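Here's a quick tour of one protein model and its metal sites. Have a look at the structure first, then read on.

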Amino acid sequence: MQNQIASRAGFTLAHLPLLGAGSSRTESLASYVLRLAHAHGYRPNDFIKLLAPLSGQAERDAGQWIGQFLDTRFSDEASVLACWVPLLEQLTGVSGLAVATLGTWGSLLTRRGSDAVVRQWCPHCLEDGHRSGGAHMHLLWSVGLVQACPHHGTELESVCPHCGAGRTPSGRPAKRFAMHAPGVCASCGGWLGTVDPRQPQASPREIPQASNHAVCVAEQIGTLIARPLGPEESLRVHCTLNVAKDRYFGGSMVELARWIGLGKSTVHGWLSGEVVPELRRLVELALKLRVPLGDLVRGCTDSLPLSLTSGSAGLKSYVRAEPRPDEKRADLRQLFETRPDLSIREMARLLGMNPRDVYYYEPELARAHSDARRMEQSEAREAVLDEAAQGVMTHLARVESVGECTTVRDLRAAAANEAPSLSYADQQRVVTEVLKDWAA
Ligand SMILES: [Zn+2]
Ligand SMILES: [Zn+2]
């Protein structure tokens with residue numbers, strides 16, 4: 001059928017390879033169509049209008065066809081997969097274009113985050129692509145939950161820095177952001193990368209750093225983009241969760257639900273496989289379990305750590321893969337310098353990391369720090385024991401001078417009176433020591 005249409009139309013399209021396939025930099029189909037239009041000298045809208053009658057879809061107005069290619073129009077992704085992908089593959093002779101859509105993930109990636117924006121991009125990635133001859137929009141950027149670039153650790157942009165397109169006059173995100181070509185604002189023709197082509201000598205634009213969490217979320221969703229769900233694969237989140245339940249919580253669903261922080265009935269639905277958690281939950285689960293999201297949803301439990309607290313091969317490799325260790329090291333070094341009063345645990349909490357990571361990132365500083373603290377603590381303890389012993393001796397001297405009797409209980413009370421923080425065992429120890437000396 002498609003064959004007939006293509007031959008009847010009597011033309012083929014340039015054999016443009018899809019960029020970044022097989023990585024989290026995979027190009028979106030919208031970006032691919034922009035490049036095709038450019039290669040054939042068409043304006044994007046005219047190009048789509050030309051192809052639309054061949055797509056095998058019912059007649060609809062041109063605006064709707066164009067709308068299908070907007071990066072975030074997930075609702076139509078199924079028809080994009082069914083109609084446009086085969087047509088473009090046919091006309092270009094390039095196979096495997098389905099990975100340029102989110103449709104391979106079925107319903108999982110079609111649920112938009114409430115904070116979804118129409119179009120967003122990483123200026124650094126555009127610049128990198130431009131320098132290597134293939135600026136393109138990443139499919140990853142069209143997932144609403146993604147707000148950072150996993151490669152550069154910076155925030156994504158959604159407003160043209162030159163003309164402000166992408167924002168309504170009232171400052172809200174605009175519904176659409178049109179591009180002439182990937183990375184070129186349709187409103188002003190400005191380049192959305194970091195270097196202004198009109199002033200190549202000027203220093204590149206500064207892009208704000210994203211939070212660690214946002215970078216981790218983007219990295220996790222990137223694992224889905226890098227390896228789309230194959231036709232023979234299915235979502236098996238429940239398999240991973242059941243293994244986690246047995247491995248970490250002794251098979252207790254109640255404990256697992258408490259750890260996740262959700263009700264039993266919700267988690268029951270997940271474990272039975274009747275309900276697939278929404279993307280936001282899945283990402284948080286993957287971060288908590290420290291497994292790649294792609295493994296979590298496929299039910300591949302090889303990378304699941306052996307325990308939640310101690311390290312295993314899988315856990316370690318994920319910790320290593322975490323973004324921007326340099327930044328964590330710098331934060332830690334500063335903390336060691338400015339707040340030596342904090343314990344390792346308190347430092348870890350301040351930086352939102354696991355105490356074990358402190359030893360991983362700054363092993364020497366961490367060890368020296370905890371040695372020093374232990375030393376300080378044992379010195380402080382010696383001083384307290386001395387004070388308690390003084391109290392006991394004063395008491396003994398007093399009762400002896402007046403010829404009274406005393407009990408071990410009174411002596412313990414005297415020790416506690418001098419050093420209230422002393423444990424019962426320490427009181428007893430102090431009294432025994434003092435009595436030994438006293439008798440001698
Ligand atoms: Zn980037
Ligand atoms: Zn602009």
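## Overall fold

Take the contacts in the chain between residues at least 6 apart in sequence: 65% of them join residues at least 24 apart. Bear in mind that this is a predicted model.

The chain has 19 helices and two strands. It runs to 440 residues, and 45% of those count as buried. As for the outside, the accessible surface of the chain comes to about 22400 Å², with 51% belonging to carbon and sulfur atoms.

## Zinc ion, ligand 1

This zinc ion (ligand 1) gets its protein donors from Cys 122 (SG), Cys 125 (SG), Cys 149 (SG) and His 152 (ND1), which lie 2.1 to 2.3 Å away. Along the sequence, the donor residues follow the spacing C-x2-C-x23-C-x2-H.

The four donor atoms subtend angles of 104 to 115 degrees, so the arrangement is tetrahedral. For reference, the ideal angle for four tetrahedral donors is 109.5 degrees. Cys 122 is buried at a relative accessible area of 0%, and Cys 125 is buried too, at 6%.

## Zinc ion, ligand 2

Around the zinc ion (ligand 2), the protein donors are Cys 160 (SG), Cys 163 (SG), Cys 185 (SG) and Cys 188 (SG), lying 2.3 Å from the metal. Their sequence spacing reads C-x2-C-x21-C-x2-C. This site is tetrahedral as well, with angles of 108 to 112 degrees among its four donor atoms.

Are Cys 185 and Cys 188 buried or partly exposed? Cys 185 counts as buried, with 0% relative accessibility, whereas Cys 188 sits at 38% and counts as partly exposed.

Notes. Residues numbered from 1 in each chain as written. Chains lettered and ligands numbered in written order. Predicted model: local features only at pLDDT ≥ 70, side-chain atom pairs only at ≥ 80, totals over all residues. Heavy atoms only, no water. Donors = N, O, S within 2.8 Å, 3.2 Å for Na, K, Ca; no water. Tetrahedral: all angles 85-135°; square planar, octahedral: opposite > 155°, others 65-115°. Buried < 20%, exposed > 50% of the residue type's maximum accessible area, 1.4 Å probe, protein only. Helix = DSSP H or I, 4+ residues; strand = E, 2+ residues; numbered from the N terminus. Contact = heavy atoms within 4.5 Å. Areas by Shrake-Rupley, 256 points an atom, 1.4 Å probe, with all protein chains shown as cover.
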